[in-house]
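User: I have a model open and would like to learn how to read its features one by one. Please give me the general idea each time, then the case here.

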Amino acid sequence: MSRRGTALAAVLFALLFLAGCGSDEGVPATTGSGATKTTTEVVVQTASEGFDAAAVYREAAPGVVTIRSIFDEGAAEGSGFVLDAEGRIVTNAHVVTDGEGEDRKEAKAVFVEFPDRNVVAAKIVGFDPFADVALLEVEPDGFDLHPLKLGDDSELVVGQPVAAIGSPFGEQQSLSIGVVSATDRSVKSLTQFQIEGAIQTDASINPGNSGGPLLDAEARVIGINQQIETSSGANDGVGFAVPISTIERSLAQLQRRGRADYAYIGVSSQALYPQLARKLGLDAEHGGLLAEVVPGGPADKAGLKGGDDKLRFQGIPYETGGDTILAVDGREVVEPDDLARYISSFQPGEKVTLEVLHANGDRERIEVTLGKRPVAGSSG
């Protein structure tokens, strides 16, 4: 057979093979032995199917702004988004403040640049260093503001497509897309406390993206881009966003009184898991193993005890010999961040009932009156 004939035969065979791969659901196909089997057509959907990044950008970009802050020494630039038609703007606290701990100060001046190139001065209504959220306000008269819709982070799933809009490296109105890489992460705040429930994403987050929105397929804000974990300072690491549920809780307080207060129990804890529990001889598989109880704090006043011994188990050091918190108001402490997350859902001055396992094996319900979280202190 000629080369041309051989090629034609190969093409015909390939077409017949492809036709055979497209069997309708429920149609019998004959096997080599003469028996029949029922084949099922399986449709595999990708995580980004139906995600129209261009549509998300068209919907959300008019409400994304660039923020410039002027300090006594130097300046900073970040991103933000329009919250409402009254001129309120949301961004990260670290975009408009500087300093450490109690000494963190607001910028001397803040300017907001809108997509239509208008640049206006903004007032800092308040900032929350625990959630790294700041609320700004501009005079809305004469401007066509485009508030963004707020979403819901409670039902996010890993693999869900997302988009980030902001001003990375000063390149305004830049879009990057990716997926939710993980949920319920703990990341650094501007204090010694962690931000719980953070969203991890592989969408490009770079310097200048801070404060800009992380958006779902409906162009709703599900978080604000806050940081990257990287060894180089550029987006070759992991990006994180503060979840919208945390942002809304913070904004509600900032709008009322210009600050956000959080409940405080005064402990640092480590996660208990089955193998560690067996090693320690504890009659529980999960809980918050108290490594430290802050002297004079709410937990200390309630009689809880921290660890007084040390153990290295499976390569990790532990403070042992203290109490273990098993539940907070009936909610079991299972995940490493559960204790901090449960406590942060209360207000200072409220009382909670803890189920506690003592080192001697006794269980007890202890009522604790929560305090107000200090800017510097232990993790819970």
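User: Where is D184 found, and what is its phi?

Analyst: This is a predicted model. Start with the general idea. Most residues other than glycine have a negative phi. Now the case. D184 is found in strand β13. Its phi is positive, about 60 degrees, although D184 is not a glycine.

User: Is D184 buried or exposed?

Analyst: D184 is exposed, because its relative accessible area is 53% and the cut-off for exposed is over 50%.

User: Which residue in the loop between β8 and β9 has a positive phi?

Analyst: R117 does. Its phi is near 80 degrees, and R117 is not a glycine. The residue lies in the loop between β8 and β9. Those two strands form a hairpin with five residues between them. R117 has a relative accessible area of 57%, so it counts as exposed.

User: How do I read the strands around that hairpin? What sense does the pairing of β8 and β9 take?

Analyst: A general point before the pairing. In a regular strand, side chains alternate between the two faces of the sheet. Now the pairing. β8 (residues 109–113) and β9 (residues 119–128) are antiparallel, with four bridges. Within that pair, V110 stands opposite A122. β8 also pairs with β3 (residues 64–70), again antiparallel, over five bridges. There, T66 has E113 of β8 as its bridge partner.

User: And which strands pair with β13?

Analyst: β12 and β14 are partners of β13. β12 (residues 161–166) runs antiparallel to β13, and six bridges join them. One match to look for is V162 with G178 of β13. β14 is antiparallel to β13 too, with five bridges. V187 has I195 of β14 as its bridge partner. β13 and β14 make a hairpin, with five residues between the strands.

User: How much space lies in the largest pocket, and which residues are closest to its centre?

Analyst: The largest pocket holds about 510 Å³ of space. Its lining has 25 residues, and E196, S245, T246, R341 and S344 are the closest to the centre.

User: Which elements give two or more residues to that lining?

Analyst: β13 (174–188), β14 (194–201), α4 (244–257) and α7 (338–344) do. β14 gives the most, with six residues. So the β13–β14 hairpin brings two strands that both contribute to the lining. By type, the lining splits into 10 nonpolar, nine polar and six charged residues.

User: Now for salt bridges. How many does a search of the whole structure find?

Analyst: Again, the idea comes before the count. Side chains of opposite charge can pair when their charged atoms come close. The search finds 15 salt bridges. Take D261 and K372, whose closest N and O atoms are 3.6 Å apart. D261 sits in the loop between α4 and β18 (263–264), and K372 in strand β27 (residues 371–372), so the bridge ties together parts 111 residues apart in sequence. D261 counts as buried, because its relative accessibility is 11%.

User: Which strands hold K351 and E367, and are these residues buried or exposed?

Analyst: K351 and E367 form a salt bridge at 3.9 Å, N to O. K351 is in strand β25 (residues 351–357) and E367 in strand β26 (residues 363–369), 16 residues apart. Both K351 and E367 are exposed.

User: What is the N to O distance between R363 and E355?

Analyst: Their closest N and O atoms are 3.2 Å apart, and the two form a salt bridge. R363 is partly exposed, with a relative accessible area of 44%. E355 is partly exposed as well, at 23% relative accessibility.

User: Which residues are linked in a network of salt bridges?

Analyst: R68, E77, E113 and R117 are. You have met R117 already, as the residue with phi near 80 degrees. E113 is also familiar, as the bridge partner of T66.

User: One last reading. Which residues does D308 contact beyond its neighbours in sequence?

Analyst: Leaving aside neighbours within four places, D308 is in contact with T320 and G321. D308 lies in the loop between α6 (298–301) and β21 (309–313). T320 is 12 residues away along the chain, and the C-alpha atoms of D308 and T320 are separated by 6.2 Å. D308 itself counts as exposed, at 67% relative accessibility.

Technical notes
Residues are numbered from 1 along each chain as its sequence is written. This is a predicted model: local features need pLDDT of at least 70, side-chain atom pairs count only at pLDDT 80 or more; totals for chains, interfaces and linings use all residues. Side-chain values use heavy atoms; hydrogens and water are left out. On a 1 Å grid over the protein atoms alone, a cavity is a set of points where a 1.4 Å probe fits but cannot get out, and a pocket is an open set with protein on both sides within 12 Å along at least five of seven lines; lining residues have an atom within 4 Å of a point. Grid points are joined across faces, edges and corners, and a volume is the space filled by probe spheres set on the points. Ala, Val, Leu, Ile, Met, Phe, Trp, Tyr, Cys and Pro count as nonpolar, Asp, Glu, Lys and Arg as charged, and the others, Gly among them, as polar. Two strands pair if DSSP finds at least two bridges between them. A salt bridge is a side-chain nitrogen of Lys or Arg within 4 Å of a carboxyl oxygen of Asp or Glu. Buried means under 20% relative accessible area, exposed over 50%, partly exposed in between (1.4 Å probe, protein chains only). Contact means heavy atoms within 4.5 Å.
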